[in-house]
Amino acid sequence: MSDETQPHHARLPERGRPWEELRDAIQGLRRDDLDWRHGRHSALIWYADDDVERVSSEAFGMFLVENGLGLRFFPSPRRMEEDVVAIGRELLGGDDGVCGHMTSGGTESLFLAAHAAHAAREWARRRQPTVVRPEVVVPGSAHPAIDKAAHYLGMDVVRVPVRANFRADSVAMEAAITPATVMLCASAPTYSLGVVDPIAQVGEVAARHGLWFHVDACVGGILAPFAREIGVAVPAFAFDVPGVTSVSADLHKSGFTPKGASTVLFRSAERQEVGVFHFDGWPSGRYSTRTFTGTRPGGAIAASWAVLNFLGREGYRRIAGTVMATRARLLAGLAAIGGVHVWGDPELWALGYGLEGGDIFAVADRLESQSWHVARIREPRGIHLMITPVHARSVDEYLVAVADAARQVRATGERSAVDAVYWS
Ligand SMILES: *Cc1c(COP(=O)(O)O)cnc(C)c1O
């Protein structure tokens with residue numbers, strides 16, 4: 001690993017270096033990167049297979065230069081983005097009125113939903129002139145991207161404790177609504193423990209109070225419909241639930257497209273329009289964007305279009321099958337390890353497990369010392385896993401490592417000094 005305390009003194013070379021030499025240099029730099037190809041990662045990586053990688057890479061490469069900011073000059077990426085959004089609408093149970101667009105990722109999708117709700121706040125302000133800082137009411141399990149959005153938008157986030165089953169408490173959320181509330185959020189599923197919040201119940205609360213309701217389906221939105229098709233009981237979580245105003249679903253997670261691709265969809269064109277940014281007071285005239293970014297990579301659009309169509313429904317069902325079968329092996333293996341238990345009752349590929357009679361973070365320490373990448377959960381104390389197809393290769397070895405570590409941790413009573421820290 002590079003020493004992060006040392007300042008970097010890289011200089012732009014006077015004369016360019018040959019690509020062959022640079023390629024070798026990059027390969028050298030990659031030496032310490034997380035070994036995800038062998039499934040030693042717990043999160044961050046979504047990889048379908050080598051064929052999908054080739055399709056992604058070629059399609060992305062065809063649009064390295066085109067700019068998604070000026071799509072009226074590039075009908076081909078525009079058409080592909082429309083297709084991607086139409087596919088997203090179908091997967092998320094939207095009717096013809098549902099519209100949306102691609103973004104650079106889940107954070108931007110959530111930001112834009114919050115921004116639209118924030119714009120709708122101008123209306124709320126007229127109704128309620130005392131509202132200085134609008135509030136977003138979310139379950140305590142919500143992803144920090146909503147806090148980040150609220151931070152930039154001058155909103156406060158009210159995190160409402162989840163129920164004993166780790167799912168959103170719609171009653172407590174309703175009780176947290178004040179005249180300053182402009183938006184409710186819930187997850188399908190949550191990032192840390194992978195449980196789907198009771199979207200229908202929160203939707204009822206939102207409808208009753210006339211509030212914007214965003215469903216964060218970043219991690220599951222694209223693949224969950226296919227899990228359902230192969231028999232997994234996934235409750236309704238998107239536009240088929242009345243009261244849902246907007247939904248975010250990341251393509252670069254369970255859609256297995258390259259990074260830099262998400263979707264945000266709105267119940268109606270009116271809901272989408274309220275979030276569009278317009279500015280006219282500069283030399284070049286009217287400037288309007290639907291995304292936070294200005295220049296947008298055409299490659300992310302083309303690669304998403306290509307991967308969706310390359311896999312098709314059959315391909316996503318196959319991936320869902322691999323992931324759910326791997327999950328079944330993992331759950332059976334974990335259940336056989338003394339003291340280990342999965343938190344809650346997660347439906348899909350994200351989950352967290354804890355340890356009775358020992359410190360689960362000490363298990364994490366031991367796994368890390370064997371070059372497993374481990375994500376920790378602070379509350380409830382656990383180890384997080386985001387299961388993807390490559391984990392089919394590593395699950396057996398992983399279970400042996402966890403069983404061994406858990407046994408030793410319970411025997412020694414050792415405790416970890418390392419806290420849960422998400423990456424930056
Ligand atoms: C990943 C994730 C986000 C943020 O998405 P990025 O693509 O990392 O910006 C938001 N919500 C949930 C539930 C996520 O899993």
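Helices and strands in this tour are DSSP runs numbered from the N terminus, a helix having at least four residues and a strand at least two. The model on screen is a predicted one.

**First stop: the loop after strand E4**

Select proline 189, which sits in the loop between strand E4 (181-187) and helix H7 (199-209). The peptide bond to look at here is the one that joins alanine 188 and proline 189, which is cis, with omega at about -5°. A second bond of this kind can be found by selecting glutamate 379 and proline 380, where the peptide bond is again cis and omega is near 0°. Proline 380 belongs to the loop between strand E12 (375-377) and strand E13 (382-386). These bonds merit a pause because most peptide bonds are trans.

**Second stop: positive phi angles**

Move next to leucine 44, in the loop between helix H1 (19-29) and helix H2 (50-62). Its phi is near 80°, a positive value in a residue other than glycine. Is leucine 44 buried or partly exposed? With a relative accessible area of 41%, leucine 44 is partly exposed.

Then select phenylalanine 166, which is found in the loop between strand E3 (156-160) and H6. The phi of phenylalanine 166 is also positive, near 70°, and this residue counts as buried, at 18% relative accessibility. The sign of these angles is worth noticing because most residues other than glycine have a negative phi.

**Third stop: either side of that loop**

From phenylalanine 166, step back to valine 160, which is placed in strand E3. Valine 160 is buried, its relative accessible area being 6%. If residues up to four places away in sequence are set aside, valine 160 touches Val137, Val138, Pro139, Gly140, Ala172, Met173 and Ala176. To see how the chain runs on from here, select glutamate 174 as well: this residue lies 14 residues from valine 160 along the chain, and the two C-alpha atoms are separated by 9.7 Å.

Now go to serine 170, located in helix H6 (residues 170-176). Serine 170 counts as buried, with 8% relative accessibility. Which residue's side chain makes a polar contact with the side chain of serine 170? That partner is glutamine 201, at 3.4 Å. Beyond the residues up to four places away in sequence, serine 170 touches Gln201, Val202 and Val205.

**Fourth stop: strand E6**

Select serine 248, which belongs to strand E6 (residues 246-250). Serine 248 is buried, with a relative accessible area of 0%. The side chain of serine 248 makes a polar contact of 2.8 Å with the side chain of histidine 214. Showing the surroundings of serine 248, with neighbours within four places in sequence left aside, brings up Ser109, Leu110, His214, Val215, Asp216, Ala217, Cys218, Thr263 and Val264 as contacts. One of these, threonine 263, is 15 residues from serine 248 along the chain, and their C-alpha atoms are separated by 5.7 Å.

**Fifth stop: the cysteines**

Among the contacts of serine 248 is Cys218, so it makes a convenient starting point for looking at sulfur atoms. Cysteine 218 is buried, with a relative accessible area of 5%. The closest cysteine sulfur to that of cysteine 218 is in cysteine 185, at 10 Å, which is too far for a bond.

Select cysteine 99 next, which is buried as well, with a relative accessible area of 16%. Why does the sulfur of cysteine 99 form no bond with the closest cysteine sulfur? That closest sulfur, in cysteine 218, is 18 Å away and therefore too far for a bond. A disulfide would need a pair of cysteine sulfur atoms within 2.5 Å, and the structure holds zero disulfides.

**Last stop: helices H10 and H12**

To finish, select helix H10 (residues 298-335) together with helix H12 (residues 391-412), whose axes come within 10 Å and cross at roughly 10°. H10 and H12 are therefore roughly parallel to each other. On the H10 side, select Thr322, Thr326, Arg329, Leu330, Gly333 and Leu334, which meet His391, Ala392, Val395, Asp396, Tyr398, Leu399 and Val402 in H12. Colouring this contact by residue type shows seven nonpolar, four polar and two charged residues.

Note on methods:
Residues are numbered from 1 along each chain as its sequence is written. Side-chain values use heavy atoms; hydrogens and water are left out. Axes are lines fitted to C-alpha atoms, for helices over the stretch in contact, and angles run from 0 to 180 degrees between N-to-C directions. Angles under 35 degrees count as roughly parallel, over 145 as roughly antiparallel, 65 to 115 as roughly perpendicular and the rest as oblique. Contact means heavy atoms within 4.5 Å. Ala, Val, Leu, Ile, Met, Phe, Trp, Tyr, Cys and Pro count as nonpolar, Asp, Glu, Lys and Arg as charged, and the others, Gly among them, as polar. Buried means under 20% relative accessible area, exposed over 50%, partly exposed in between (1.4 Å probe, protein chains only). A polar contact is a pair of N or O atoms within 3.5 Å; within protein, one must be able to donate a hydrogen and the other to accept it, and residues adjacent in sequence count only if both atoms are side-chain atoms.
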